[in-house]
Amino acid sequence: MESLKGKHILITGATGGIGSHTARLLSGSGAKLFLTGRNGVKLQQLASELGISEADSVTCDIAEPEQVALLKERFFAVHPTLDILVNAAGIGIIKTLETMTEAEFLKTLHYNLYGPFLLVKNFLPAMKEVKKGLIINIPGVLGKVPMAGAAAYSASKYGLVGMMQSIREEVKRTDIRITNIFMGGVDSAFWDNIDLRVQREKMIQVEEAARAIWFLCQQPASGVVSEMVLQPFNHQAI
Ligand SMILES: NC(=O)c1ccc[n+]([C@@H]2O[C@H](COP(=O)([O-])OP(=O)(O)OC[C@H]3O[C@@H](n4cnc5c(N)ncnc54)[C@H](OP(=O)(O)O)[C@@H]3O)[C@@H](O)[C@H]2O)c1
């Protein structure tokens, strides 16, 4: 395992279940964290809980180009380099084709696919300059296997996987690593507005999801974990 001490890590979706628990875990590792999310109040609360300075937490909608450009500016104003990008931002709209509106379909692609595109477009060049870095995405199992009602969500997450795999080809002569985590259901606010009969108590806990990301962050650069699958014990679909 590689020490995270002094590593510069950007976490998007830090105001969410998986992102906030990842931030909590990584903050104890000596890493230099920079947090972002949309909800300013939640972001500020987390930053003060973890003793993270105002300069190291910035609100940003990752699907807005100007905001991502500003995020990059604010990040590099306080960090010389980006060692690890953990992209834990995203939304879930799970509806059948009949009930899914065009606006919901586009919103899903906008936040789950265009947002990550803007992030890599803005932050990958810094990794390319030093020819190293790690990008962790969370497509979830619905980025690998289909499910009724997940047409928009799976379109965004299969797209994310395809985009990241293509980018991996573009950087294959460097030590830049890209890891996609295919997680099954994680009990977070993600499920609050999803109209499906699910047993949240049987899902992966956010702390476990965060531990998986923490584990990936510590993998030595000599090897690449290109994929990880983490499923609830009684729900192994892959
Ligand atoms: N929960 C699951 O079962 C599960 C399973 C597999 C994969 N995933 C993926 O894991 C990631 C995190 O999910 P979660 O469970 O932690 O969900 P969550 O608790 O609902 O958190 C989602 C996070 O994404 C942020 N976000 C959403 N859209 C954004 C945008 N346009 N710009 C910036 N931030 C945005 C939210 O920010 P604000 O709250 O500040 O708006 C929040 O921090 C998502 O990509 C999700 O698809 C989740």
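This section describes the sheet, the helices and the ligand site of a predicted model. Local features need pLDDT of at least 70, side-chain atom pairs count only at pLDDT 80 or more, and totals for chains, interfaces and linings use all residues. Residues are numbered from 1 along each chain as its sequence is written, and side-chain values use heavy atoms, with hydrogens and water left out.

Seven strands form an open sheet in the order β3-β2-β1-β4-β5-β6-β7, with parallel pairing. Strands (E, at least two residues) and helices (H or I, at least four) are DSSP runs, numbered from the N terminus. Two strands pair if DSSP finds at least two bridges between them. The edges are β3 (57–59) and β7 (227–230). Each has a single partner strand, so one side of each lacks a neighbour in the sheet. From one strand to the next, the twist averages 15°. Strands β1 (residues 8–12) and β2 (residues 32–37) run parallel and are joined by four bridges. His8 has Lys32 as its bridge partner in β2.

Two helices pack on these strands. Helix α1 (residues 17–27) lies across β1, β2 and β6 (175–183) and runs at about 160° to β1. Helix α3 (residues 65–78) touches β1, β2 and β3, and its direction makes about 160° with that of β2. Contact means heavy atoms within 4.5 Å. Axes are lines fitted to C-alpha atoms, for helices over the stretch in contact, and angles run from 0 to 180 degrees between N-to-C directions.

Helix α4 covers residues 102–130. At 1.5 Å a residue, its 29 residues should span 42 Å (1.5 Å times one less than the number of residues). Its end C-alpha atoms are 41 Å apart, which agrees. A kink of about 35° lies at Phe123, shortly before Pro125. The bend is the angle between axes fitted to the seven residues ending there and the seven starting there. Lys131, just after α4, takes a positive phi of about 60°. Lys131 sits in the loop between α4 and β5 (132–137).

The ligand has 28 residues around it, with a heavy atom within 4 Å. Thr15, Asn39, Tyr153, Val186 and Ser188 come nearest. Polar contacts are pairs of N or O atoms within 3.5 Å; within protein, one must be able to donate a hydrogen and the other to accept it, and residues adjacent in sequence count only if both atoms are side-chain atoms. A polar side-chain atom of Asp61 lies 2.9 Å from a ligand nitrogen. For Ile62, a backbone N or O atom lies 2.9 Å from a nitrogen atom of the ligand. Trp191 places a polar side-chain atom 2.8 Å from a ligand oxygen.
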